Amino acid sequence: MRKIYLSISMLLLAGSFALQAQTQIPEVEELLSKMTLEEKIGQLNLLTPGGGVATGSVVSEDVEAKIKAGNVGGVFGVSSPERVRQAQDLAVKNSRLKIPLLIGSDVIHGYKTTFPIPLGLSASWDMKLIKETAQIAAKEATADGINWNFSPMVDISRDPRWGRVAEGAGEDPYLGSQVAKAMVEGYQGDDLSKPETMISTVKHMALYGAAEGGRDYNRVDMSRAKMFNEYLPPYKAAVDAGVWSVMTSFNDIDGVPASGNKWLLTDVLRERWGFDGFVVSDYTSVNEMIAHGMGDLQAVSALAINAGLDMDMVGEGFLTTLKKSVEEGKVTEETITTAARRILEAKHKLGLFDDPYRYSDESRPETDILTAANRAKAREAATKSFVLLKKHNNTLPISKNAKIALIGPLANNKNNMLGTWAPTGDQQLSIPILEGFKNVAPNASITYAKGANISDDTTFAKKVNVFGPRIEISEESPEQLLKEAMAVVANADVVVAVVGEASEMSGEAASRTDISIPESQKKLIRELAASGKPVVLVLMSGRPLTIPEEMELPVSILQVWHPGVEAGNAVADVVFGDYNPSGKLTSTWPVNVGQIPVYYGMRTTGRPATSEEFEKFKSNYLDAPNAPLFPFGYGLSYTEFDYSNGKVSNPTLSENGSITISATVTNSGDYNGEEVVQLYLHDKVRSITPPMKELKGFKKIFLEKGASQSVTFEITTEDLKFYNNEEEFIFEPGEFKFFVGGSSDNKFIGSFTVE
């Protein structure tokens, strides 16, 4: 079989030439020539004085003195023009060489204007919108003095038990790569020296989303072919988009923790991909290599710097041990100089040497942060992120003149609207659902009752409430709460129940083995469904949930994730029909946790199940179907979309040619609406077993009711390439099936042959 590929040696050589060709910056080189070894090491030290969200047990000490001594290259957890100016004063007025600081922050899904959680944003399948949210976040954060952002998180994850699935774009490498590119371009713009742009950090390099058992910070083990084909593409997409910073992950790769993994940080990231920015560790991840079994602090710090890590977040192992390692010949000064050069070049890119105070304009917060336009974009982003999971009896959309029972522990709750990892947002500025309903439907009769606690488990609530009250357990008994809710329901035309997860039931250090709706709320939902009234479940969560019981009930279900600062208004826009939901899932929803991992791109087996009926000696379960509850790409609309006329422009694709695949989409329902048209391919014969389907394109289109549109995708052999077991990036001739439709569960349409 003929193979078309670039060899590893060619890729490495190309990367080497790219690094050699990089032009050195005279100002940086002059500064390096004046620096002592200690001052170079100081540039590699990232500290936090506290005040932000610490994701470890360590908060830096004596930060002010260390900045004055030239022992700090950057800080995070500092914001506002005044405080940032004070921090820069310490560096540029008191240290010997007057080198300004990087000012970092976790700006994950918006700054003060909080957008939906990233998993929700990805469900919009709208790259222009996602880029705009990153641009707004950068404008707001830089107005508050921040020039370096620890975002985007692009980790692929197929395990919804892992809490940080909320922070990424789901399970698919193609879609994840598009999101990574959009966010990097949104944060960094076309010129990092502009005061409204900031350095973006792609994280967590690498494979963090594949933690065993879905347990945060756990180990990872996978083949190189799986890494390159399914997990590494979004990181590379960020590098190709020009990202200037990369953050390492907590897990190991091939038995070596990422922060000390030379194959990952040098061979792949720099030599193969040509990355020329700087690499920062995650919070104390250098120190944590001690627990991994890699040696003492001096040993792991030397391992990290020699592997290609440039900056040590909070742990201070570089600061306290690298000089000794140089003296003992374990690390060269040239290695430290190279790392320091990368940090200084980033500061030069930001224009900090020209003006250390360019992010300390005290007039900007009032004009740039939480503006009406920014909130309007947050509202739009939220509406486009919602996924209609189930329609029942045309209950949705609801009339604005209806008599509504608004029920549930998340229906009038500001503390859970922003979602996880929103440390820069203000919970009390969020719009709860009750307020949004009143804003959008002032003529409706709306009566609210809590109905249930998010959870009745006090021990569980204590774990969730580390960052504040997210699960508030009422002094009233669960029975009394339910009784009050049913009294409200009795007088209503329709019931809207807002249920699901508290914001900190997902996110970092928030893994769960049971990802169903808590039993306290399940009892409420059962009673509401039994009332005989039309019921809409508005479901909030930071992850896919297991809801087979709820799917069997006579209810409609709208998934809204954690929608952000404009939550209530956005939910009301969709529930009352001002916007027709268009979101599509970017993670598969399992029937139960026993199916995990379950994702659309699984490879087939030698004994595939050929029907939904149980077959002995086939790859299936005794007690559950193979198919998930909802497939990747799934999402309903108030209208209906039909697909027809699927075809390929040419049955044969040559090496340097292209073909087009097209289908006609018709809005056959009663509402105008948007549809995400998705193209999948399947390689019938491959030198390594192929996925059953691979997403290769998507387009979001708007159709008025009754209208049709032909949607076309162009395919070249570049779209068919994959990494084989020799890590060669190749395509192979043969037959390919193609599928066009509204989800990954679409049906076979046609095929073409590659010569």
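Helices and strands here are DSSP runs, a strand having at least two residues, numbered from the N terminus. The structure is a predicted model.

**Exercise 1. Locate lysine 203, determine whether it is buried or exposed, and identify the polar contact of its side chain.**

Solution.
- Step 1: Lysine 203 belongs to strand β6, which covers residues 199–205.
- Step 2: The cut-off for a buried residue is under 20% relative accessible area. Lysine 203 has a relative accessible area of 2%, and therefore it is buried.
- Step 3: Its side chain makes a polar contact with the side chain of aspartate 106, at 3.4 Å.
- Step 4: Leaving out residues up to four places away in sequence, lysine 203 also touches others, including Phe150, Asp155, Arg164, Glu167 and Tyr235.

**Exercise 2. Carry out a similar analysis for histidine 562.**

Solution.
- Step 1: Histidine 562 lies in the loop that runs between β17 (556–559) and α23 (567–575).
- Step 2: Its relative accessibility is 0%, so histidine 562 counts as buried.
- Step 3: The side chain of histidine 562 reaches the backbone oxygen of glutamate 501 at 3.0 Å.
- Step 4: Beyond its neighbours within four places in sequence, histidine 562 is in contact with Pro116, Asn416, Ser503 and Met540, among others.

**Exercise 3. Describe the largest nonpolar core and the place of tryptophan 148 in it.**

Solution.
- Step 1: The largest nonpolar core holds 75 residues, of which Leu44, Trp148, Leu207, Phe278 and Met313 touch the most other members.
- Step 2: Helix α15 (residues 333–349) gives the most to this core, namely six residues.
- Step 3: With residues up to four places away in sequence not counted, tryptophan 148 touches residues that include Leu46, Leu102, Met198, Phe278 and Met311.
- Step 4: Apart from the largest core lies another, of 47 residues, among them Ala91, Leu101, Tyr680 and Phe698.

**Exercise 4. Describe the largest pocket and the second largest pocket by volume and lining.**

Solution.
- Step 1: The largest pocket contains about 1400 Å³ of space. It is lined by 37 residues, and Ala609, Asn626, Ala627, Pro628 and Met692 are the closest to its centre.
- Step 2: The lining of the largest pocket comprises 18 nonpolar, 12 polar and seven charged residues.
- Step 3: The second largest pocket has a volume of about 1000 Å³. Its lining has 41 residues, and the closest to its centre are Asn229, Pro233, Lys696, Lys721 and Phe729.
- Step 4: This second lining divides into 18 nonpolar, six polar and 17 charged residues. Among the elements that each supply at least two of its residues are α8 (173–188) and β22 (694–703).

Definitions and conventions: Residues numbered from 1 in each chain as written. Predicted model: local features only at pLDDT ≥ 70, side-chain atom pairs only at ≥ 80, totals over all residues. Heavy atoms only, no water. Core = buried A, V, L, I, M, F, W, Y, C linked by side-chain atoms within 4.5 Å. Buried < 20%, exposed > 50% of the residue type's maximum accessible area, 1.4 Å probe, protein only. Helix = DSSP H or I, 4+ residues; strand = E, 2+ residues; numbered from the N terminus. Contact = heavy atoms within 4.5 Å. 1 Å grid on protein atoms, 1.4 Å probe; cavity = no way out; pocket = protein on both sides within 12 Å on 5 of 7 lines; lining within 4 Å. Points joined across faces, edges and corners; volume = space filled by probe spheres on them. Nonpolar A, V, L, I, M, F, W, Y, C, P; charged D, E, K, R; others polar. Polar contact = N/O pair within 3.5 Å; in protein donor to acceptor, adjacent residues only side chain to side chain.
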